[in-house]
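Here are some short exercises to work through with the model open in your viewer. Try each task before reading its solution.

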Amino acid sequence: MEVKVAPLFLTPVLHSKMWGGTKLQDYGFKLPSDHTGEAWIISAHPHGLSKVSDGPFKGKTLDQLWKEEPALFGGHAQNEEFPLLVKILDAKENLSIQVHPADDYARAHGEKFGKAESWYILSAAPGAKIYYGHTAKTRQGLQMAVDNGQINTILRTIPVKTGDFFYNPAGVLHALGSGIVALETQQNSDMTFRLYDFDRVDATTQKKRPLQVKDALAVTNVPHQDPHVVQATRASSFGMVTTLVNAKHFVVEKIQTTGKLSLNQIHNYMLQTVIDGQGDLIVNDVRYPVRKGMSYILPKNVSDYQLDGFMTVIASYAK
């Protein structure tokens with residue numbers, strides 16, 4: 001059977017979190033609770049599998065489609081797994097101070113991928129900040145701050161606003177602060193090591209959440225160094241495309257349209273989420289209405305397409 005040249009629209013999976021809120025409803029999602037923290041909008045991870053919402057593959061999970069229709073994704077080895085995961089997070093409260101491992105450490109501890117990630121700040125309350133890195137000069141200094149209950153004294157904070165972008169490679173100590181909604185593009189991993197959780201008690205368990213201090217200390221970069229990120233913008237009559245990061249595992253782009261913008265899709269596949277506005281995605285002369293909160297994959301056989309309308313799209317692809 002010849003596979004139709006068409007986008008793959010996906011239904012997200014939502015997760016309640018003690019730090020979550022209700023802002024994800026602004027993206028058209030039906031919330032499971034008033035403390036919904038994450039929408040896994042493009043996911044082949046077993047902890048939250050996106051499903052195709054319509055078309056000939058309707059009802060199939062992304063991991064099923066990856067295994068059964070590899071040509072859609074440019075072909076891949078039989079044991080290879082889908083490499084990326086895209087989420088929208090509502091941090092009503094601070095997330096835990098955490099760190100993620102690189103590939104080697106993750107594979108030695110049961111995950112297929114490490115977890116490099118990035119944040120595009122969708123909205124930020126006045127005074128909002130992220131935790132990003134630390135000021136310890138040695139691993140012993142970091143250990144002492146943790147052991148003495150003084151981790152707050154070495155955490156580095158950065159004020160944020162809507163439209164900011166941050167790349168968090170493996171080994172960077174980090175957390176979203178309260179009042180932030182962010183789109184996260186990351187490797188397909190759910191391995192997180194909490195170093196500090198503000199001594200909070202989870203209302204559902206009446207206990208503090210577990211920490212993974214030993215693992216966190218083992219994988220945290222010391223001393224911290226900000227990654228070198230080079231951004232570039234390509235402009236045309238009806239919009240622009242900005243490369244936000246070209247990293248080891250993925251590329252993230254921001255597409256802004258002010259009319260009918262024609263684009264090429266030269267990768268094995270591309271992931272896209274509309275974060276603002278609405279319009280039409282045009283593939284093979286077929287118009288697909290899209291709006292804020294919708295996510296889809298442009299498979300290998302979509303070589304060119306148009307975005308028609310006033311909207312902003314975050315796009316990514318694996319390297």
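**Exercise 1.** Decide whether Gln265 is buried or exposed in this predicted model.

*Solution.* Start with the cut-off: a residue is buried when its relative accessible area is under 20%. Gln265 has a relative accessibility of 3%, so it counts as buried.

**Exercise 2.** Find where Gln265 lies and what its side chain reaches.

*Solution.* Step one is the location: Gln265 sits in the loop that runs between β18 (250-264) and β19 (270-283). Step two is the polar partner: the Gln265 side chain reaches the backbone oxygen of Val302 at 3.4 Å, and the cut-off for such a pair of N or O atoms is within 3.5 Å. Step three is the surroundings: setting aside neighbours within four places in sequence, the contacts of Gln265 include Met270, Leu298, Pro299 and Lys300. Val302 is also in contact with Gln265, as are Ser303, Asp304 and Tyr305.

**Exercise 3.** Judge how compact the protein is for its 319 residues.

*Solution.* Begin with the elements: the protein has four helices and 22 strands. Its radius of gyration is 20 Å, close to the 20 Å from the globule rule for 319 residues, so the protein is as compact as a globular protein of that length. Now add burial: 54% of the 319 residues are buried. Finally, look at the contacts between residues at least 6 apart in sequence: 72% of them join residues at least 24 apart.

**Exercise 4.** Work out how far apart the centres of the positive and negative side chains lie.

*Solution.* Count each set: there are 33 positive and 31 negative side chains. Then compare their centres, which lie 3 Å apart.

Terms used: Residues numbered from 1 in each chain as written. Predicted model: local features only at pLDDT ≥ 70, side-chain atom pairs only at ≥ 80, totals over all residues. Heavy atoms only, no water. Helix = DSSP H or I, 4+ residues; strand = E, 2+ residues; numbered from the N terminus. Rg over C-alpha atoms; globule rule 2.2 N^0.38 Å. Buried < 20%, exposed > 50% of the residue type's maximum accessible area, 1.4 Å probe, protein only. Contact = heavy atoms within 4.5 Å. Lys, Arg positive; Asp, Glu negative; His and termini not counted. Charge placed at Lys NZ, Arg CZ, Asp CG, Glu CD. Polar contact = N/O pair within 3.5 Å; in protein donor to acceptor, adjacent residues only side chain to side chain.
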